[in-house]
Structure formats: C-alpha cells, structure tokens
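Student: I am new to this structure and would like a close look at one part of it. Please take the packing of the helices and the core around them, and then place that part within the rest of the chain.

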Amino acid sequence: MAETKAKILLVEDDPTLTFVVKDALQKNGYEVIHSPDSETGLQQFMKNNFDMCLLDVVLPKKDGMYLANQIRSMNESIPILLLTSKSMDDDKIAGFKSGADDYITKPFNMQELLLRVGVFLKRTLKKEEGPVTFKIGNLDFDYKNLVLKDTKIEHQLTQREADLIKYLCLNNNRVLKRDEILMSVWGKDDYFLGRSMDVFITKVRKYLKDQPGVELQTIHGIGFKFAYNP
C-alpha cells in the first residue's frame, strides 16, 4: 500500500485501460482522478492538487505532450509519466522536451507501472530524507524545495532535475558511467531514457555555466564527471 494517499491525475481515452489502471492504483492506496482528453485533464489539474500525472500520448483534441507542456508551465516539479505506444519512438523524445519525466510503453505490465509510480512518489513525498542542501560554486541547492539560487537568480527545478543534481553532488569528482546515472536517477537503463538524460544534462550545464570551479565534464564513451570541491 502507498504510505501516503497521493493524488494522481490519469488522462486516458481508452475505457478498458482506464479501468484497469485506475483500479490497480486505487487498490494500492492512491487517489485517482480520471479525464478522457487533454482539455478536461487540464481543467482537473487546475482545480486539484495532484502529486503525479499519468498522461496518454494519443488523446482526442490535443495530445498528451501538449498537456504535459501546459502542466509543466504551471508546475515545475510535479512528476509526469507518459503512456506511449511502441511505434512512437519519436514521441518519447518529444515528450521529454515537452516536460515529461519518464515514459512507459504500451502494453505495459501493471506491476511495472506501480513500481514506476512508487519511485516517483517516494522521491516527491519524502524529499527530506538524506542531505538536502548543497553549495555549488556560488549557488545554494535546496533539494527539498527544488531550488537552485544565488543572490541574483533563482531556478525552480523539476523533480528530475533536482534528483540529477543531487546525485551529481553526492558523487562529485567521480567518473560516472551513463548506465550508473540512469539506474540511480531514472531507475532504468535504455536508449530513450539515455536521450532524456542528455537533455537534462544540458539543462544542468546551463544552470552551472558561470559558477567558478564547477564543471560537468563529458567523459567520451563512458559518461560524466561532476568536477567541483564543495
């Protein structure tokens, strides 16, 4: 059972899949609000305080990536998991760019979906566990509140960005293999998550580009090294 009764937005137009997913989530202690399309999904998101969103990519009217982009513009940190089809590899990459954190491919094993949801919610609902503040150059990184700031600028991070930065901070000055980062931060190692990681690495580099003594190095053929001394 889920330790906290988290509220999940499920946007899916297939009645059969909706019933199965909603039933499984509710049996595991989650509160689920369902919408059959992106427009009503956006309305539900604006009326409720959700802890996570599960969005089908192919929806009537406007697709799930449009909805992910709208949700991300209003909430920088909420986890967004896309439900995709095997034939839509390009959509997976576009989905990450729209603001989604992860995807699961249809047809999926319900246990895998529950595990993915559990991993995200454990991170978002229990962000106070372990070190939560770090000094990176002149920046203060507050993992619990998803903030990276100095006296002049403040970045409101997504949960995935914060997870990645925290992992780099805890492993600074180490050469980190790509699969090691993927398994530790994304919970899975595959090609499309690797592409997603590259997108997030680029974002983190932009946040840190002007910090003295801080460098996120690419180790070609291996992975990355977060070189800095706290």
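Tutor: What follows starts at one helix pair, moves to the core, and then goes out to the rest of the chain.

The model is predicted. The part to look at is the meeting of helix 6, residues 159-170, with helix 8, residues 191-208. Two packed helices are described by the angle between their axes and the distance between the axes. Here the angle is about 75° and the axes are 10 Å apart. Helix 6 is therefore roughly perpendicular to helix 8, since angles of 65 to 115 degrees count as such. On the side of helix 6, the contact is made by Arg-160, Glu-161, Leu-164, Ile-165 and Leu-168. Helix 8 contributes Phe-200, Ile-201, Lys-203, Val-204 and Tyr-207. By type, seven of the residues in this contact are nonpolar and three are charged, with no polar ones.

Next comes the core. In soluble globular proteins, nonpolar side chains tend to be buried together. The largest nonpolar core in this model has 52 residues. Helix 8 supplies eight of them, the largest share. Within this core, Ile-136 and Phe-141 are the residues with the most contacts. Phe-141 can be followed outward from there. Beyond its neighbours within four places in sequence, Phe-141 is in contact with Val-132, Thr-133, Phe-134, Ile-136, Val-147 and Leu-148, among others. The list for Phe-141 also includes Leu-157, Ala-162, Ile-165, Lys-166 and Cys-169. Ile-165 is one of the residues through which helix 6 touches helix 8, and it is in contact with Phe-141 as well.

Apart from this core lies another, of 21 residues, and Val-21, Leu-81, Leu-113 and Leu-114 are among them.

Two loops in this region of the sequence hold a residue with a positive phi. Most residues other than glycine have a negative phi, and most peptide bonds are trans. Leu-146 is found in the loop between strand 7 (139-142) and strand 8 (147-149). Its phi is near 60°, a positive value, and Leu-146 is not a glycine. Leu-146 is buried, because its relative accessible area of 4% is under the 20% cut-off. Asn-173 sits in the loop between helix 6 and strand 10 (175-177). Asn-173 also has a positive phi, of about 65°, although it is not a glycine. Asn-173 is partly exposed, with a relative accessible area of 34%.

Strand 10 holds Val-175. Val-175 counts as partly exposed, at 42% relative accessibility. Not counting residues up to four places away in sequence, Val-175 touches Glu-180, Ile-219, Ile-222, Phe-224 and Lys-225. One of these, Ile-222, is 47 residues from Val-175 in sequence, with 8.1 Å between their C-alpha atoms.

Some sites elsewhere in the chain help to place this part. Phe-45 lies in helix 2, residues 38-47. Phe-45 is buried, with a relative accessible area of 8%. Outside its neighbours within four places in sequence, Phe-45 is in contact with Leu-9, Phe-50, Cys-53, Ile-71, Met-74, Asn-75 and Ile-78. From Phe-45 to Ile-33 the separation is twelve residues in sequence and 9.4 Å in space, C-alpha to C-alpha.

Val-57 is in the loop between strand 3 (52-56) and helix 3 (64-74). Val-57 is buried, at 2% relative accessible area. Val-57 and Glu-154 are 97 residues apart in sequence, and their C-alpha atoms are 32 Å apart.

A further loop, between strand 5 (102-106) and helix 5 (110-125), contains Pro-107. The peptide bond from Lys-106 to Pro-107 is cis, with omega near -10°.

Last, the chain as a whole. Its secondary structure comes to eight helices and twelve strands. The radius of gyration is 18 Å, close to the 17 Å that the globule rule gives for 230 residues, so the chain is as compact as a globular protein of that length. Along the principal axes, the C-alpha atoms fill a box of roughly 55 × 35 × 35 Å. Of the 230 residues, 50% count as buried. Among contacts between residues at least 6 apart in sequence, 57% join residues at least 24 apart.

Terms used: Residues numbered from 1 in each chain as written. Predicted model: local features only at pLDDT ≥ 70, side-chain atom pairs only at ≥ 80, totals over all residues. Heavy atoms only, no water. Axes fitted to C-alpha atoms, helices over the stretch in contact; angles between N-to-C directions. Helix = DSSP H or I, 4+ residues; strand = E, 2+ residues; numbered from the N terminus. Parallel < 35°, antiparallel > 145°, perpendicular 65-115°, else oblique. Contact = heavy atoms within 4.5 Å. Nonpolar A, V, L, I, M, F, W, Y, C, P; charged D, E, K, R; others polar. Core = buried A, V, L, I, M, F, W, Y, C linked by side-chain atoms within 4.5 Å. Buried < 20%, exposed > 50% of the residue type's maximum accessible area, 1.4 Å probe, protein only. Rg over C-alpha atoms; globule rule 2.2 N^0.38 Å.
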